[in-house]
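Trainee: I've just opened this one and I'm a bit lost. Please pick one spot, take a close look at it with me, and then lead me onwards from there.

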Amino acid sequence: MITFKEAYNSVLQHTVDYGTEQVLLKDAVGRVLAVDIKADRDFPPFNRATKDGIALSFSAINDGQSLFKIEAVIPAGNPTIELKDKTACVEIMTGAVVPKSTDVVVMYEDVVIHNGFAKLQKQPVKGQNIHIKGSDELKGATVLRKNTLITAAEIGVLSAVGAAKVWVKKLPKITTIATGNELVEVAEVPLPHQIRKSNINSLYAALLNEHILAQTLHLKDSKEAIKDALEVALKTNDVLLLSGGVSKGKFDFLPIALEELGVEKVFHKVLQRPGKPFWFGVQKATNTVIFSFPGNPASTFANYHIYFKPWLNKSLGLTVSNNYVILNEELDNKGSLTLFLRVKVTFTNGKLLANRIIENGSGDLTSLANCDGFICIAPNKNSYNKGTLVPFIQTRRLL
Ligand SMILES: Nc1nc2c(c(=O)[nH]1)N[C@H]1C(S)=C(S)[C@@H](COP(=O)(O)OP(=O)(O)OC[C@H]3O[C@@H](n4cnc5c(N)ncnc54)[C@H](O)[C@@H]3O)O[C@H]1N2
Ligand code: MOO
């Protein structure tokens, strides 16, 4: 059986570039930028008043002048004008173009306006309250880099440079597949020996967070039915996320069915808990990647975050980040398996502290709603003191 590190590295060696596509700006949030974005004009595009007040020539102030005739009133959105008389001033609003031959803006709070004249109450500084043309970025500068996750901030920048359509990384087409005769629909009342499908809905929701609208399938524990359905699914998807049917049971047909369909097994079973009987493979002919997760809810959920999420990030060109939290209790791991322990994380005095939660093994579904993620504890008699930094796999937004 391979170690967690070997399995993780192996999964990341099987990433796939799905190419690029153009989407409308409104659909770009959450996607990954596929090209560098350049400024189509200077930022800001003109000398911009940053306060409501008056604009004037500093040379007049230098000459000792403090009372200025108001020549015009300039709202934001008006074309550039020129201050004709350098001993006069204009009233100017935030966001308006600072007139030619003016180089200082004094805010209303520091002047008294009376009978068409403005009187300075305070000595201004040359250049104050003017956001100089091109001082943020010059035309042609790269303002966003390829392989950036597009958030609300990037949407603002894309809007400012006129990117009504955006080139983004294509997302893989995914079907999530639940297996098992015991599973019934959520809306059904299960018989005493049945349970409702939860893993598949959880995977579907996790993928929605990645802006992937997955198909879902449920297969009964029949080898022929599984093979027939998988044959079609392999042809029509880039990725299959399966849950259940991969351990040693008499009805765990997935490993054999996948191999009979020409899917190359990369590995089966990893020295870890939960998620040990994880089966990972690739169908070279169709370039389909198969993550076949163990059916226990904590196993499917953990392995999705441990393996699939970094695989997706790397496939899309995003950085695969390694995050750490501070262990807030002592523990050790004398066994041979890497443990992924469910933790609650608190943000205390600027630090993320992790405490284990009470859970009842890999089948304990409700514990997943009580934890913030998993800490990764290496095997073989490792002792961890309180205060140790440990790798953290986040399963919900923390801050
Ligand atoms: N002889 C052995 N038995 C088992 C081993 C082993 O190594 N030798 N491994 C155990 C471990 S560890 C795990 S994890 C499970 C994984 O088994 P499978 O992947 O074959 O999963 P199933 O047997 O189909 O289901 C396990 C469990 O999870 C429930 N389940 C399945 N799918 C769903 C779903 N979509 N939603 C909710 N719950 C689901 C299922 O009803 C079972 O209770 O095997 C151990 N056994
Ligand atoms: O590998 Mo299993 O997830 O421990 O129950």
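Mentor: Let's start with strand 27 (residues 373-377), which pairs with strand 29 in the antiparallel sense over three bridges. To see one of the pairs in this predicted model, click on Phe374: its bridge partner in strand 29 is Ile393. Now stay with strand 29, which covers residues 389-394, and look for strand 23 (residues 323-327): these two also pair in the antiparallel sense, this time over four bridges. Here you can pick out Tyr324, whose bridge partner in strand 29 is Pro391. So what holds paired strands side by side? Strands of a sheet pair through backbone hydrogen bonds, and they can do so either parallel or antiparallel.

With that in mind, move to a wider sheet. Six strands make up an open sheet with mixed pairing, and reading across you get the order 17-14-18-22-21-19. Strand 17 (215-219) and strand 19 (264-268) are the edge strands, each pairing on one side only. Go from one strand to its neighbour here and the turn is 20° on average, if you ignore direction.

Zoom in on the strand 19 edge. Its partner there is strand 21 (residues 279-283), and the two run antiparallel, with four bridges between them. Lys265 makes a handy landmark, since its bridge partner in strand 21 is Gly281. Helix 1 (residues 4-12) packs on this sheet too: it touches strand 19, strand 21 and strand 22 (288-293), and its direction makes about 150° with that of strand 19.

Another helix worth finding is helix 4 (residues 199-209). It lies across strand 14 (174-179), strand 17, strand 18 (239-243) and strand 22, and it runs at about 165° to strand 14. Follow the chain out of helix 4 and you reach a loop that leads to strand 17, with His211 in it. What is the phi of His211? It is near 70°, a positive value in a residue that isn't glycine. That stands out because most residues other than glycine have a negative phi, just as most peptide bonds are trans.

Speaking of peptide bonds, have a look at the one from Arg273 to Pro274: it is cis, with omega near -5°. You'll find Pro274 in the loop between strand 20 (270-273) and strand 21. There is a cis bond from Phe43 to Pro44 as well, with omega near -10°, and Pro44 sits in the loop between strand 3 (37-38) and strand 4 (48-49).

Arg273 and Pro274 also bring us to ligand 2, as both are among the residues around it, along with Gly275, Lys276, Pro277, Asn296, Ser299 and Ser362. The space that ligand 2 takes up is the second largest pocket. Three side chains there reach oxygen atoms of the ligand. For Ser299, a polar side-chain atom is 2.2 Å from an oxygen of ligand 2. For Ser362, the distance from a side-chain N or O atom to a ligand 2 oxygen is 2.6 Å, and for Asn296, a polar side-chain atom lies 3.0 Å from one.

Ligand 1 has 20 residues around it, and the closest are Glu182, Gly245, Val246, Ser247 and Gly295. From the side chain of Glu182, an N or O atom is 2.5 Å from an oxygen atom of this ligand. The backbone plays a part too: a polar backbone atom of Gly245 is 3.0 Å from an oxygen of ligand 1. Asn199 has a backbone N or O atom 3.0 Å from a ligand 1 nitrogen.

Last stop: another open sheet, again six strands with mixed pairing, in the order 8-5-7-6-10-9. Strand 8 (104-107) and strand 9 (111-114) are at its edges, and each has a single partner strand, so one side of each has no neighbour in the sheet. Neighbours in this sheet are turned by 35° against each other on average, direction ignored. Within it, strand 6 (residues 67-74) and strand 10 (residues 117-120) run antiparallel and are joined by three bridges. To spot that pairing, find Phe68, which stands opposite Ala118 in strand 10.

Technical notes: Residues numbered from 1 in each chain as written. Chains lettered and ligands numbered in written order. Predicted model: local features only at pLDDT ≥ 70, side-chain atom pairs only at ≥ 80, totals over all residues. Heavy atoms only, no water. Pairing = 2+ DSSP bridges. Axes fitted to C-alpha atoms, helices over the stretch in contact; angles between N-to-C directions. Contact = heavy atoms within 4.5 Å. Near = heavy atom within 4 Å. Polar contact = N/O pair within 3.5 Å; in protein donor to acceptor, adjacent residues only side chain to side chain. 1 Å grid on protein atoms, 1.4 Å probe; cavity = no way out; pocket = protein on both sides within 12 Å on 5 of 7 lines; lining within 4 Å. Sits in = over half its atoms within 2 Å of the grid points.
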